[in-house]
Amino acid sequence: MSTEEIRVRGTVQGVGFRPTVYRLAKAYGLQGEVCNDGQGVLIRASGRKESIEEFVQKLQKECPPLARIDEVTRKRYEGKSIFHDFVISQSVSSVVTTEIPPDAATCGKCKAEIFDPFSRWYRYPFTNCTHCGPRLSIIRAMPYDRRNTSMAAFGMCAECRQEYNDVANRRFHAQPVACQVCGPKAWLERSDSKPITPHMFSMLDDVDAVCTLLQKGEIVAIKGLGGFHLACDATQETAVQKLRQRKQRHQKPFALMAKDMAVIEQYCIPNAKERELLESPAAPIVLIQAKGGDDDERGSGRIGRQEVIFSLSNNLQNEDPIPPTAPLPACGEGLGVGFRKHGKPSIAPSVAPGQNTLGFMLPNTPLHHLILRRMNRPIVLTSGNLSDEPQCIDNVEAREKLGKMADYFLLHNRDIVNRVDDSVVRVVEDKVLTIRRARGYAPASINLPPGFESVPQILAMGSQLKNTFCLLRDGKAILSQHQGDLENAVTFQSYQDTLNLYLNIFEHQPEAIAVDLHPEYLSTKFGKELAVSNQYGHGTAVPLLHIQHHHGHIAACMAENGLQINSPPVLGIALDGLGYGEDGTLWGGEFLLADYRQFQRLATFKPVAMIGGKQAMKEPWRNTYAQLISAFPWDELKQKYGDLEILEFLEQKPLKLLNQLVEKRINSPLSSSVGRLFDAVAAAIGICREECSYEGQAAIEMEALADTTILDNKENLNYYFNFVVSDSIYHIDSRSMWQALLNDLQQHTPQAMIAAKFHTSLAHAIVEMVDNLRQKNDIHHVVLTGGVFQNCILLEQVSKRLQALEINVLTHSLVPANDGGLSLGQAVIAGAQLMN
């Protein structure tokens, strides 16, 4: 007989791991115990040596669907306990090194039960098991046991308790397990606080009534898994416009939810990878090419420009509004809905104006499955908040902040402890590109490359926009869920609260803090405060490391692609809106020769003034003017191109004042930003010329507009960029590009063609620069990073051209290319520098 102590680390708590251990131990005739503790799962097993060996191998092969084993260590058990059976022991509190599992979408078995009239979970909106349900959103402390979650408020009934304790049951030790008798409850309220009339309950229940309200054109605030959402029928233009007006979200695309793939396939053509993502336990929002006018091609036409026919004569727009107290129609089909030639209801044009993709997700909780049971068309499901503020998570807060946006509330009494937004992904050349990492993915750890195993505990504070923070220790990175833009005071407070929660839950005591180089970022300032006070350590200051923005982007991509700590330098191409450079200027189009510890700037885009500073990010025409006067004398432009619409538009602006701002560098910093170059080109051809209502709108709409059929036609490549050497580095100058583009405008070349030519010409310039740089530098990998590389056309064009030169290209997948992945890069750079 042999007795071993087996330690399993990874995502192994709250995912049915101990029942799997128990089942296999019994099958192999072992005696002993298994328990959760701060490091993961601890197994003590006694039996034949061969049986233990087979048990460990089988355990790794039959890992539960939501579990992830990162490490299994074994040693001889030196204890004195004598085992007579195999049992599941109580959890043990110890130093926390285990992981919190992400929230998981409803599994197939739970879904079947909520629609089975003979099941005791029939129509119960909080049904879950060890394979699905809330995790991060309800946890307050580790280990992940019911007493440490918001489910502690709900005592189990006898039946739930029996199943919770039955090792053969799917709900064995499922911490949020509950039923109609003992669990959380959902209820419907009117936003005006008036009572709901009795005839409302002709529906099956309050959750079912939400479907009818949506069909009727109402806006409903729904308390979901990680926060509130605002919902309306996505095929009713009146309802969508009403939601936009109330939410003050004028053009940014809305996310959609559909009850099943069949509904999604009416409007998009998802490929196999997109389908896999939609149906995965993470259940993210997936950006999918919309069907065009003929409904048979992938990616033709923009949503806001599709031919949509509305039967307004039969629409509620021409009738008196139905008061909230009026009887609800049994079905509600056809109210305010447009129909295409095949008779199916159309997506309202206001859902995603100017886009050729739709952001779809499938129901991720029983609550959403039940709401959509009778809904054979999509609904808008957007975050329940004022624009730029974080999602509401509390009932009282939601009534106060969403009361003027929603007509009704669907509430429940299970507290949301941690705000978790919906994740957003898209697929590029069969590879997942993460846009926002949150529900379903966070806070699953990222295994760091070789060399980082003994990295000290590091806290990385992230960026100002699209913020995440990162905890580093034991060779792993724990990246927070998406926090948002810290410029908003409410978001910044939420960021601090979430950071405190993570540091406490993971018992993380930073030995160093990494911040962005920009001195005015709130995350940088807060990091400085923490470094001085070090309230989570021993009361003395800890090292504060300032990480250059684009170096952070590059290092994040290196880390997720597994480049070891002492890898030779890569050529990192970091293209984004802006980041603070080492020379005090704003960078945003960088070619850096970088490893984890240092970098050298080899090339950049020619710096151009951002006239008005931040205002240039909101008004693209400012960038057009700055680019043009940087390339040509204004009189020459007027003489050659004075008849162009863009020149006539700019002539109406206060050019003398703008020129003074540029000449005297008054709130007009120079920037090499490629993001601003995209804005400038978009405005020149008439896209979002006056203003953008959300970050990146001009570039996103130009990508959607581009005629992709000409991308690989070399005859169309005539927007050339020049390379000049200044201050010992290459500068990419766009003067020739602008001249060719303005000539095309004079020739009345279609917008879609100009947009495509710009994309492919920029890709050519980037690749040509790489080819130049590799002649003088030993380059093994090229990293593509920064928010601009979320543009699929540019990413695909650059990648395949580099690969044609037999250059190894690294791109993002696990973390966003935008600032949402920056904290990972900050953390690994700090770790590498400290371990040097």
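Which residues is L741 in contact with, leaving aside its neighbours within four places in sequence? The legends below treat a predicted model, and the view of the largest nonpolar core returns to L741.

**Figure 1. Overall view of the predicted chain.** The chain contains 24 helices and 30 strands. Its C-alpha trace spans about 95 × 70 × 50 Å along the principal axes. A compact globule of 836 residues would have a radius of gyration near 28 Å, and the chain agrees because its own value is 28 Å. Buried residues make up 62% of the 836. The accessible surface amounts to about 31,900 Å², and carbon and sulfur atoms account for 48% of it. Of the contacts between residues at least 6 apart in sequence, 74% join residues at least 24 apart.

**Figure 2. The largest nonpolar core, with L741.** In soluble globular proteins, nonpolar side chains tend to be buried together. This core has 84 residues, and those that touch the most other members are F591, W738, L741, F758 and L794. Helix 22 (residues 751-774) supplies the largest share of the core, 12 residues. Apart from neighbours within four places in sequence, L741 is in contact with V681, A684, I685, Y719 and I754. A second core, separate from this one, has 42 residues, among them L136, C157, F506 and V515.

**Figure 3. The open sheet of 10 strands.** The strand order is 6-13-7-8-12-9-11-10-14-15, and the pairing is mixed. Strand 6 (186-190) and strand 15 (431-436) are the edge strands, each pairing on one side only. From one strand to the next, the twist averages 35 degrees.

**Figure 4. Strand 12 (379-383) and its partners in the sheet.** Of the 5 residues of strand 12, 4 are buried, so this strand is largely enclosed by the rest of the structure. The threshold behind that statement is a relative accessible area under 20%. Strand 8 (228-233) pairs with strand 12 in the antiparallel sense over 5 bridges. Strand 9 (residues 255-257) also pairs with strand 12 in the antiparallel sense, over 2 bridges. V380 in strand 12 is the bridge partner of C232, and L256 stands opposite V380 as well.

**Figure 5. The edge of the sheet at strand 15.** Strand 14 (residues 424-428) and strand 15 run antiparallel and are joined by 5 bridges. Within this region, V428 stands opposite K431 of strand 15.

**Figure 6. Helix 5 (residues 206-215) lying across strands of the sheet.** Which strands does helix 5 lie across? They are strand 6, strand 7 (220-223), strand 8, strand 12 and strand 13 (408-412). Helix 5 runs at about 40 degrees to strand 6, which is one of the two edge strands.

**Figure 7. Surroundings of S480 in a loop.** The loop that holds S480 lies between strand 19 (476-479) and helix 11 (489-505). Is S480 buried or exposed? S480 has a relative accessible area of 0%, and therefore counts as buried, the cut-off being under 20%. Not counting residues up to four places away in sequence, S480 touches R437, A442, T468, F469 and Y502.

Key
Residues are numbered from 1 along each chain as its sequence is written. This is a predicted model: local features need pLDDT of at least 70, side-chain atom pairs count only at pLDDT 80 or more; totals for chains, interfaces and linings use all residues. Side-chain values use heavy atoms; hydrogens and water are left out. Two strands pair if DSSP finds at least two bridges between them. Helices (H or I, at least four residues) and strands (E, at least two) are DSSP runs, numbered from the N terminus. Axes are lines fitted to C-alpha atoms, for helices over the stretch in contact, and angles run from 0 to 180 degrees between N-to-C directions. Contact means heavy atoms within 4.5 Å. The radius of gyration is taken over C-alpha atoms; the globule rule is 2.2 Å times the number of residues to the power 0.38. Buried means under 20% relative accessible area, exposed over 50%, partly exposed in between (1.4 Å probe, protein chains only). Accessible areas come from the Shrake-Rupley method with a 1.4 Å probe; for residues, only the protein chains shown count as cover. A nonpolar core is a set of buried Ala, Val, Leu, Ile, Met, Phe, Trp, Tyr and Cys residues joined through side-chain atoms within 4.5 Å.
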